[in-house]
Amino acid sequence: MLTRDLITTFISWNARHRAPATVAFYRARLKKFCEAYNARELGSLTPLEIDEHLAVAGTDMSDSTRHHNCVALERLQKFALQH
């Protein structure tokens with residue numbers, strides 16, 4: 001599944017099962033990731049690519065913001081494995 005399709009499915013699922021604030025959190029945190037890798041299969045991404053993305057996306061951001069970006073990506077991966 002392409003990353004953009006997975007993120008769309010993930011956001012839709014959260015919209016049905018989670019609070020609007022949670023949906024907004026995931027949408028905001030995954031936006032740059034989707035822009036960078038939207039046409040790639042999530043399974044084709046290497047840990048190094050993901051790590052580099054998080055490093056670049058977190059430039060000039062607080063530790064908590066970088067942590068939240070990681071949490072969103074981890075939850076997306078868990079969702080993909082569960083569904």
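User: Before we get to H4, what counts as the expected span of a helix?

Analyst: The expected span is 1.5 Å times one less than the number of residues in the helix. In this predicted model, helix H4 covers residues 63-82, and its 20 residues reach 28 Å from the first C-alpha to the last, close to the 28 Å expected.

User: Which residues of H4 are buried?

Analyst: The buried residues of H4 are Thr65, Asn69, Ala72, Leu73, Leu76 and Phe79. Seen down the axis of H4, these buried residues fall within an arc of 120 degrees, so they line one face of the helix.

User: And what do they pack against?

Analyst: The buried residues of H4 pack against helix H1 (3-17), helix H2 (20-37) and helix H3 (47-57), while the face of H4 turned away from its buried side carries the exposed residues Asp63, Leu81 and Gln82.

User: Switching to rings, how many aromatic pairs are there?

Analyst: A search of the whole structure finds five aromatic pairs. One of them joins Trp13 and Phe79 in a tilted arrangement, with 5.7 Å centre to centre and 55 degrees between the planes; this pair links distant parts of the chain, since Trp13 lies in helix H1 and Phe79 in helix H4, 66 residues apart.

User: Is Phe79 buried or exposed?

Analyst: Phe79 has 4% relative accessibility and therefore counts as buried, and Trp13, at 17%, also counts as buried.

User: Last thing, what is the average pLDDT?

Analyst: The protein averages a pLDDT of 93, and 100% of the residues score at least 70; among its elements, H3 has the lowest mean pLDDT (89) and H1 the highest (97).

Definitions and conventions: Residues are numbered from 1 along each chain as its sequence is written. This is a predicted model: local features need pLDDT of at least 70, side-chain atom pairs count only at pLDDT 80 or more; totals for chains, interfaces and linings use all residues. Side-chain values use heavy atoms; hydrogens and water are left out. Helices (H or I, at least four residues) and strands (E, at least two) are DSSP runs, numbered from the N terminus. Buried means under 20% relative accessible area, exposed over 50%, partly exposed in between (1.4 Å probe, protein chains only). The arc is that of the directions from the helix axis to the C-beta atoms. Contact means heavy atoms within 4.5 Å. pLDDT is the predictor's confidence in each residue, from 0 to 100. Rings of Phe, Tyr and Trp (its six-membered ring) pair if their centres lie within 6.5 Å; planes under 30 degrees apart count as stacked, over 60 as edge-to-face and the rest as tilted.
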